[in-house]
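Subject: Structure for your review

Dear colleague,

Please find the structure below, followed by an account of what was found in it. I would be grateful if you could read the two side by side.

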Amino acid sequence: MKRLEDKLTIEQFKKVIDVLNPCMDDYLYIYDIKGDHYCISPSAMMRFKLPACEFTDVVEMHARFTYPDDIVLLQEDLKKIIRKESNFHNMQYRWLDKSNKAVWINCRGSVLYDECGEPEYLVGCINEIGKKQRADNVSGLLGETSLQSEFQRYQNEEVKGFILRIGIDNFKEINENKGIEYGDMVIRKTADCIESVTSPGQHIYRIVADEFIVADFTGRSAEAAIKLYHKIHDRVNEFIESNCYEVFYTVSAGILDFSAVTKRVYTNVMKLSEFALNEAKERGKNRYYVYVKEDYDLFLQKKERLRQLRHSVNHNFEGFEAYFQPIADIKNRRLSSAETLLRYHSEETGAIPPMQFIPLLEESGLIIPVGKWVLNEAIKTCVEIRKSIPDFRVSVNISYVQVLKSDILNDILETLEKYGLDASGIMIELTESGFLEANENFVAFYEGLKTHNIALALDDFGTGYSNFRYLAEIYPHAIKIDRSFTLKALNNEYEYLLLQHMVNMSHSVDLKLCIEGIETKDELDKICGINPDYIQGYLFGKPCNYEAFHENYVKEKANK
Ligand code: C2E
Ligand code: CA
Ligand code: CA
């Protein structure tokens, strides 16, 4: 049974805590059980929701900063000590930090007894077992807490220098293919590569599994960081070569020059360096990216727009609207169908062009619910228009995401059935993309369309991966020539001949051809020379909502 030696009184112990406080990450404490008094390192008060670094009513007080689920457990353990069932406290549980977040701690302490053998003091140490890692034994480098300390030393000065945040590309695959031990070896070797090329004053930290930071507070700029990245890159390649290509991997880097940062607070600097590394990866990996404020603002704008789009989707698609643009049959220059074009506006942003919000919908998967909504609007509208124009057809754009990640064919069939529209009332527009067309889901989709006699148009033909061989496999009803191609053909003899050739080829395999983007009478006359089947463009009409469409085209045609 341990006793507190006469030499060290509680007051003296408190002094020891104060002296050691700046030298340690952990928190020392003494709990005077008999006097119901508690005293802990002052740094604990900065971090946790403690009322003070010294307080009475100890058990009750602990309940205020202990994570609620852990309170009973803690009280049980303390009772055991008081009942002399235990002489050592060793518990892993959670305290609440200043912002009320749970932080895992390991609290250990020895019980000291008085001369009658009653527990008198609990003396020990608390350490954080969560993220607060000072160093990492896999890479042999310091951890994020150490970086934070280094940063804080410079925070008050006008910091000059940079952060180079390095990430191993596709690290997850290395772990999956080669095992975790091999992955650890790659981390260690990469750390060695970085270490071998850094200069004095540059410190390396391992941040998360596959990310390192080189911090330079010596005033060097982004150019030095770029050079450093290239050196690291070369070293990694040498390692891969010396390892006989057992693994092949690349590294990306995000560079943050402190001169580009206005709010030089640690959390902000980390956030921006993370953005920079993500940007390097987004731009194709195996490269570096230097932080530019304008890019970050765009990234934030994109995030905000995505938030609004999601809000709209969850609020009955408010802000979305289906527009319709007339498509004319060249033979009689009469309206034959309309393309459904999605519009979006919100009070905060005003109208956002489809070329900006559609990629966001695609990236986020929101195109799946929105696409279904457009489909519903289009089919509903077609049924209305067919009351005046019985053979009217509506075109709907379908994104590759809908084909790859949803059962779009089923959605089309269900919606046709819901409104009682015949398959001849709809045409699906799909952007031809070459590499996707061999995908199983695509093949099943084309075949499903064919089985159900639903017409398909290949959109933006002539811009991307146009491949006539696919035409034979997919066998679309029509191809649509994008305005950029039309413009080229209107301004360049060779392009004009090429387009003419495409029209002839299409006709020879019984394909219809729609020319998009005709704005003037002149353009129309010239393009008619190559004998297309359909024309779509501002000359015949701009996209508009259903009311305007009905007013301008349907009423007029029905009256004739
Ligand atoms: P797209 O499918 O090629 O649609 C034709 C685009 O050309 C439309 O742009 C239309 O407004 C524009 N256009 C038509 N005639 C003319 C003209 O004479 N001059 C000029 N300068 N432009 C003309 P919009 O509405 O901005 O749509 C852009 C793209 O967004 C569409 O290109 C399509 O790829 C996509 N999109 C629009 N609505 C939807 C939708 O509901 N679902 C999906 N997945 N994509 C859509
Ligand atoms: Ca289209
Ligand atoms: Ca098009």
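Which residue in β15 is the bridge partner of Pro326? The partner is Ala338.

Some conventions come before the rest. This is a predicted model, in which local features need pLDDT of at least 70 and side-chain atom pairs count only at pLDDT 80 or more, while totals for chains, interfaces and linings use all residues. Residues are numbered from 1 along each chain as its sequence is written, chains are lettered from A and ligands numbered from 1 in the order in which they are written, and side-chain values use heavy atoms, with hydrogens and water left out.

Strand β15 and its partners

Strands and helices are DSSP runs numbered from the N terminus (E, at least two residues, for strands; H or I, at least four, for helices). Two strands are said to pair if DSSP finds at least two bridges between them. Strand β14 (residues 320–329) runs antiparallel to β15 and is joined to it by 10 bridges. The hairpin of these two strands has 4 residues between them, and Arg333 there takes a positive phi near 50°.

β15 also pairs with strand β17 (residues 393–398), in the parallel sense and over 4 bridges; Thr340 has Val396 of β17 as its bridge partner. With strand β16 (residues 350–352), β15 pairs in the antiparallel sense over 3 bridges, and here His345 is matched with Ala351. A hairpin of 3 residues leads from β15 to β16.

Strand β15 (residues 334–346) is largely enclosed by the rest of the structure, because 10 of its 13 residues are buried. Buried means under 20% relative accessible area, exposed over 50%, and partly exposed in between (1.4 Å probe, protein chains only).

The calcium site

The calcium ion (ligand 3) has as protein donors Asp459 (OD), Asp460 (OD), Glu516 (OE) and Glu516 (OE), at 2.2 to 2.8 Å. Donors are N, O and S atoms within 2.8 Å of the metal (3.2 Å for Na, K and Ca); water is not among the atoms, so sites may look incomplete. Along the chain, the donors of this ion follow the spacing D-D-x55-E. Asp459 coordinates both this ion and the calcium ion (ligand 2), the two being 4.1 Å apart. Asp459 counts as buried at 6% relative accessibility, whereas Asp460, at 22%, counts as partly exposed.

Glu516 also appears in the surroundings of Thr486, a residue of helix α17 (residues 483–491). Leaving aside neighbours within four places in sequence, Thr486 is in contact (heavy atoms within 4.5 Å) with Ile481, Ile515, Glu516, Ile518 and Ile527. Thr486 is buried, with a relative accessible area of 1%.

The six-stranded sheet

An open sheet of 6 strands has the order β3-β2-β1-β6-β5-β4, with antiparallel pairing. β3 (54–56) and β4 (88–96) stand at its edges with a single partner strand each, so one side of each is left without a neighbour in the sheet. Neighbouring strands of this sheet are turned by 20° against each other on average, direction ignored.

Within the sheet, 4 bridges join β1 (residues 27–32) to β2 (residues 37–40) in antiparallel fashion, and Tyr31 stands opposite Tyr38 in β2. Helix α1 (residues 10–20) lies across β1, β2, β3 and β6 (119–128), at about 165° to β1. Helix α3 (residues 58–65) lies across β1, β2, β3 and β4, at about 120° to β3. Axes are lines fitted to C-alpha atoms, for helices over the stretch in contact, with angles from 0 to 180 degrees between N-to-C directions.

Yours sincerely
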